[in-house]
Amino acid sequence: MTGTKEISCWICAGTDLRLLRKGNLPASLSADAFRISDAHYGCTADLYRCEDCGFIECPTLPDVLPFYENMDDSDYEATREPRRLQAARLLRSVERIKSSGRLLDVGAGSGILVDAARQLGFAAEGIEPSYPLWRAALDRGLPVRHGVLPHADVQGPFDLVTVVDVIEHVDDPLGLLGRVRELMTEDGVALIVTPDVRSVAARVMGRYWWHYRIAHIGYFDRDTLTDAARRSGLRVVEMRRPSWYLPVSYLLERLLSYLPRALQVTSWPFLSRWTVRFNLFDSLMVVCRKA
């Protein structure tokens with residue numbers, strides 16, 4: 001147990017945290033370690049589990065925002081079209097609840113979801129901390145602002161706020177969700193996606209689960225994600241397991257990353273032409289409204 005006031009749970013504020021696993025970070029960190037496509041699976045900071053609510057976090061890692069501000073990711077951009085299909089599918093999954101209006105994408109990257117949302121008829125915009133990815137969005141003529149919430153130039157209300165694979169990267173998830181709530185219309189919807197640390201895949205893979213990465217500093221499951229939403233003034237109205245789209249070459253390279261380096265093959269140009277839809281059932285998608 002830590003028994004210190006400096007380390008507390010980011011969800012319930014409890015101070016009874018147990019060291020679940022000692023970290024194995026490299027000697028020095030750089031922005032490359034925080035890339036969206038990083039494949040150093042199993043490399044994390046110290047993992048602590050809250051004995052009161054079960055949330056798992058990395059409270060001893062220093063402020064990570066400067067790393068994100070300088071993070072670039074060419075592999076992410078190379079898979080733009082499959083990721084756009086993924087974004088469109090996420091949006092279509094909630095179209096019976098919210099199919100039009102103003103949309104804000106939090107952690108927008110180079111604007112992939114913003115682009116997909118605009119094609120579906122939303123008045124969409126985004127916000128992104130990475131300077132390189134933000135510039136890439138601007139180069140494509142997409143309305144993405146640089147920074148994080150709160151932001152003076154991001155003014156609600158929004159009918160739909162998307163937070164896709166973002167909440168696991170922040171050390172104040174309740175603050176983020178609270179700001180999302182403030183930006184929503186009274187009948188607005190928040191769409192949140194994050195890895196599920198209690199999924200079958202996570203338990204089978206153990207410390208080598210592909211979502212155990214330096215960039216992921218908070219690990220949710222059904223209960224802690226629902227609790228975080230509730231404490232932020234939101235209520236979960238739907239929960240499901242989202243599917244993903246990626247090139248076969250991208251998936252194969254990451255699968256082979258588990259092998260010794262001498263056996264890894266890093267070039268699969270002919271396989272990059274094929275995109276597959278897959279679901280490992282180790283992510284959660286929740287749809288929330290104001291409580």
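This report walks through the sheet, helices, aromatic rings and charged pairs of a predicted model.

## The seven-stranded sheet

Let us start with the sheet. Seven strands make up an open sheet, in the order β6-β5-β4-β7-β8-β13-β10, and their pairing is mixed. Which strands stand at the edges? They are β6 (144–146) and β10, and each has a single partner strand, so one side of each is left without a neighbour in the sheet. On average, neighbouring strands here are turned by 20° against each other, direction ignored.

At the β6 edge, strand β5 (residues 123–128) pairs with β6 in the parallel sense, over three bridges. You can find one contact point by looking for I127, whose bridge partner in β6 is R145. As background, strands of a sheet pair through backbone hydrogen bonds, either parallel or antiparallel.

## Helices against the strands

Several helices can be followed from here. Helix α4 (residues 112–119) lies across β4, β5, β6 and β7, and runs at about 175° to β5. Helix α6 (residues 173–183) has a set of buried residues: P173, G175, L176, L177, G178, V180 and L183. What do these buried residues pack against? Their partners are β4 (102–106), β7 (158–164), β8 (184–195), β10 (234–240) and the helix α8 (222–231).

## A closer look at L103

L103 is a good residue to zoom in on, and you will find it in strand β4. Is L103 buried or exposed? With a relative accessible area of 0%, L103 is buried. Leaving aside residues up to four places away in sequence, L103 touches L91, L113, A117, F122, A123, A124, E125, F158, L160 and T162.

One of those contacts, F158, shows how the fold brings separate stretches of chain together. L103 and F158 are 55 residues apart along the chain, while their C-alpha atoms are separated by 5.6 Å. The ring of F158 has another partner too: the charged end of R102 sits over it, 4.1 Å from its centre.

## Aromatic rings

Now for the rings. A pair of aromatic rings is described by the distance of the centres and the angle of the planes. How many aromatic pairs does the structure hold? There are seven. One of them joins F34 and F67, which are stacked at 4.8 Å centre to centre, with 10° between the planes. This pair links distant parts of the chain, 33 residues apart: F34 is in the loop between β1 (17–21) and β2 (47–50), and F67 is in helix α1 (residues 65–69). F34 is buried, with a relative accessible area of 1%.

Y131 and W134 make an edge-to-face pair, with 6.2 Å from centre to centre and 70° between the planes. These two residues are three residues apart in helix α5 (residues 131–139), so about one helical turn separates them. Y131 is partly exposed, at a relative accessible area of 33%. Elsewhere, W10, F55 and F220 form one aromatic cluster, and R21 lies over the face of Y212, 4.6 Å from the ring centre.

## Salt bridges

Finally, the charges. Side chains of opposite charge can pair when their charged atoms come close. Across the whole structure, a search finds 18 salt bridges. In one of them, the side chains of K22 and D46 meet at 3.5 Å, N to O. Both residues belong to the loop between β1 and β2, yet they are 24 residues apart. K22 counts as exposed at 56% relative accessibility, whereas D46 counts as buried at 14%.

E238 takes part in two of the bridges described here. With R96, its closest N and O atoms are 2.7 Å apart. E238 lies in strand β10 and R96 in the loop between α3 and β4, so this pair ties together parts that are 142 residues apart in sequence. E238 is buried, with a relative accessible area of 10%, but R96 is exposed, at 65%. The side chain of E238 also meets that of R240, at 2.2 Å, N to O, and R240 is partly exposed, with a relative accessible area of 33%. In another part of the picture, R18, R49 and E51 are linked in a network of salt bridges.

Terms used
Residues are numbered from 1 along each chain as its sequence is written. This is a predicted model: local features need pLDDT of at least 70, side-chain atom pairs count only at pLDDT 80 or more; totals for chains, interfaces and linings use all residues. Side-chain values use heavy atoms; hydrogens and water are left out. Rings of Phe, Tyr and Trp (its six-membered ring) pair if their centres lie within 6.5 Å; planes under 30 degrees apart count as stacked, over 60 as edge-to-face and the rest as tilted. Helices (H or I, at least four residues) and strands (E, at least two) are DSSP runs, numbered from the N terminus. Buried means under 20% relative accessible area, exposed over 50%, partly exposed in between (1.4 Å probe, protein chains only). A charge sits over a ring if NZ of Lys or CZ of Arg is within 6 Å of the ring centre and within 35 degrees of the ring normal. Contact means heavy atoms within 4.5 Å. Two strands pair if DSSP finds at least two bridges between them. Axes are lines fitted to C-alpha atoms, for helices over the stretch in contact, and angles run from 0 to 180 degrees between N-to-C directions. A salt bridge is a side-chain nitrogen of Lys or Arg within 4 Å of a carboxyl oxygen of Asp or Glu.
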